[in-house]
Amino acid sequence: MSPNDTLDRQAQQELKDYEEKLRQELGLEDDNAEQWRKPVERPLLRQSRETTTILFGGLTTAHDELIRDTIQGLGYKVEPLPCPDNVALGIGKEFGNRGQCNPTYYTVGNLVKYCQNLREQGMSVEEIKEQYVFLTAGACGPCRFGMYEAEFRKALKDAGFEGFRVLLFEQEKGISQASGDEAAEEGGIDFTKDFYMGLIKAIMVGDLINDLGYQIRPYEINSGQTNEAIKQAKLIAGDCLRAGEKVEEALLKIRDLFGAVRCDFTRVKPKVKITGEFWAMTTEGDGNYRMGEWLESEGAQVLTEPVSTWVDYLLYIGKHDIMKTYGLPDSDGKVSRFKSLKSYALVAALKLYFRRRYDKYRKILGMKPMILPDQGKIHKLAQSYYNIDLRGGEGHMEVGKNIYAVLEKKAHMVISVKPFGCMPSTQSDGVQSKVVNDYPDCIFIPIETSGDGEVNIKSRVQMKLYEAKVRCREEFARVLEGYGFSLEQFRDYVKSQPEYASSLAEQPHHEVGVAANMIHKVAKAMKRHYSLRVDPKMSIEEVESLARRQAEAEGAVCVNVDEPETAATAQSDECGEDGCPTCTDSLPGEQKHRSIDQTAAAAR
Ligand code: SF4
């Protein structure tokens, strides 16, 4: 026996002894484990539909509100939970199991917090259990998403709400009640065609409104106009969905609302795409440190992923899975190629229908909202890095979307939001370092959201954002000089064309940044040709110098980062050819509202 074998035996024995000791301490000496069975809950019955409120949540505010309006229109009492915050995270950690991922804690804690608030307002626990149910998404799978349902039940039980009903919306099966499925089919929720169509419309309209908001807000001339348009748009769409009408009419009104916002698209702003784990990138609260809102305040244009991309992805992998198992026996041991082909045709038709409808709505909105990414292309781009059969989280999509953003000139920078404790994100994190090596143009930063450490995370993002700003300035300067325009000529021409200030004005897509693309548009109108005289890569110093001259000409407000007490003081007159001693990264036309210190203070 080798020394290693002896050591191994010793270790095994020690492990066994320790296990026995723990078993004794916990009273688990009896080894007769019993099969765990899901508890059977009271079903939601049809007769209690009018007295029972269905709670749900987890998407953006626009989606949650529109889904509420849709389902209310079908005759249900329904209410979205508020956006989860750090208090919900604390409650989730208190009542949840150890070692869960962050979205579990936020969403579980959010529901418990809601119930606790109801109790504090004077409702008894019995009344809460009688008058409320919770509807959530679920799935089986390799990540903790498959455990959400059990976590909700455990936390509710430990918080004193044992028996609170949790209904499950399963991604693969459609909707069924997590317990007592048969009862649910005849029960409180009719999962009819109207129900599904209403949900799809609400999700699409929510995506489109959010998309317009993020594309227009950074360029609006009158601050607050876009947010007002979003507010009105949600009311118009909500009324239409509640009435069960077609949304085309409402979208035309929404188009007029957004079209009335006047914009200055000559502002040079880096585009930052937020990607990552589905919940973490979608939420608008503490779950991702309010990343979208904060990035805008830092001078970026944000690109978020529509929820519709997720639906499109599910349909794509549905097709892939059917083809992969084609000709193999099913769970009954039978091989039915016809059945497989039928299923494939059905999913393919659904996918086509879904994308076409999304495009139809985009068209009504002047094609301003972005097209859904091509899943086939994303798969192709990701396949040499991440196997499509590795499921959980965003799967291969996260890697594919990063490469897609670089190759299709979608964004200057990509932020991947990874919740603390997320297994699939940890996998793709490892893969992304290879992607960044292979695509040197990619400015990529993964951030782990844990609910705390906000200052550190934002400080890291600011550093990368600076790189993206330099890239954006470089692109702008290159195109400007390529056409032989001065900044004044370019801006004067844009000002002289009132239609260019329309938020829905068509823009070409040759570069990443909006302002750089605008130069192409102006050049086309003025019949100018691009000259290749210019070295396409200016040095950073040249770009900085150009940008500072532009900033100086426009009186951009600089921020003194060395002296926090004077941080917000305008010092534009100090900007010179060699750079301003205090201004660090102002862009032409940009007003930076906060220094790093102020950001840190705000986060505290
Ligand atoms: S993808 Fe990650 S964060 Fe999301 S549920 Fe799965 S383990 Fe949790």
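**Figure 1. The pairing of strands β1 and β2.** In this predicted model, F56 of strand β1 has P80 of β2 as its bridge partner, and L55 stands opposite E79 in β2. Four bridges join β1, residues 53–56, to β2, and the two strands run parallel; two strands are taken to pair if DSSP finds at least two bridges between them. Helices (H or I, at least four residues) and strands (E, at least two) are DSSP runs, numbered from the N terminus. From β1 the chain crosses through helix α2, residues 61–73, to β2, and this β-α-β crossover is right-handed, a term meaning that, with the strands pointing away from the viewer, the path from the first strand over the helix to the second runs clockwise. Residues are numbered from 1 along each chain as its sequence is written, and side-chain values use heavy atoms, with hydrogens and water left out. Because the model is predicted, local features need pLDDT of at least 70 and side-chain atom pairs count only at pLDDT 80 or more, whereas totals for chains, interfaces and linings use all residues.

**Figure 2. The faces of strands β1 and β2.** Which side chains of β2 are buried, and which are not? Along this strand, residues 77–80, the side chains alternate, with V78 and P80 pointing to one face and buried, while K77 and E79 point to the other face and are not buried. Buried means under 20% relative accessible area, exposed means over 50%, and partly exposed lies in between (1.4 Å probe, protein chains only). In a regular strand the side chains alternate between the two faces of the sheet. Strand β1 is covered on both faces, since T53 and L55 on one side and I54 and F56 on the other are all buried.

**Figure 3. The surroundings of the ligand.** The residues around the ligand are C101, P103, C143, R144, F145, Y148, E277, G393, P419, C422, M423 and P424, where a residue is counted as near a molecule or strand if one of its heavy atoms lies within 4 Å of it. By class, this shell has nine nonpolar, one polar and two charged residues; Ala, Val, Leu, Ile, Met, Phe, Trp, Tyr, Cys and Pro count as nonpolar, Asp, Glu, Lys and Arg as charged, and the others, Gly among them, as polar. Why does the ligand lie between domain 2 and domain 4? Domain 2 (46–190) and domain 4 (270–306 + 372–524) both give residues to the shell, so the ligand lies between them; the domain bounds come from an automatic or database domain assignment. M423 is found in helix α17 and is partly exposed, with a relative accessible area of 38%. Although M423 and R144 are 279 residues apart in sequence, they are 8.2 Å apart in space, C-alpha to C-alpha.

**Figure 4. Strands β8 and β9, with N402 of helix α16.** Strand β8 pairs with β9, residues 444–449, in the parallel sense over six bridges, and P419 stands opposite T449 in β9. The chain crosses from β8 through helix α17, residues 423–438, to β9 in a right-handed β-α-β crossover. N402, found in helix α16, is buried, with a relative accessible area of 0%. Not counting residues up to four places away in sequence, N402 touches V414, Q432, V435, C442 and F444, a contact meaning heavy atoms within 4.5 Å.

**Figure 5. The buried residue M291.** M291 has its place in helix α12, residues 291–297, and is buried, with a relative accessible area of 0%. Residues up to four places away in sequence again left aside, M291 touches I274, I415, I447, I457 and V461. The C-alpha atoms of M291 and I415, which are 124 residues apart along the chain, are separated by 9.6 Å.

**Figure 6. Two loop residues with positive phi.** Most residues other than glycine have a negative phi, and most peptide bonds are trans. Y289, which is not a glycine, has a positive phi of about 60° and lies in the loop between α11 (278–282) and α12. K409, likewise a residue other than glycine, has a positive phi near 55° and is found in the loop between α16 (397–407) and β8 (413–419). Are these residues buried or partly exposed? Y289 is buried, with a relative accessible area of 2%, whereas K409 counts as partly exposed at 36% relative accessibility.
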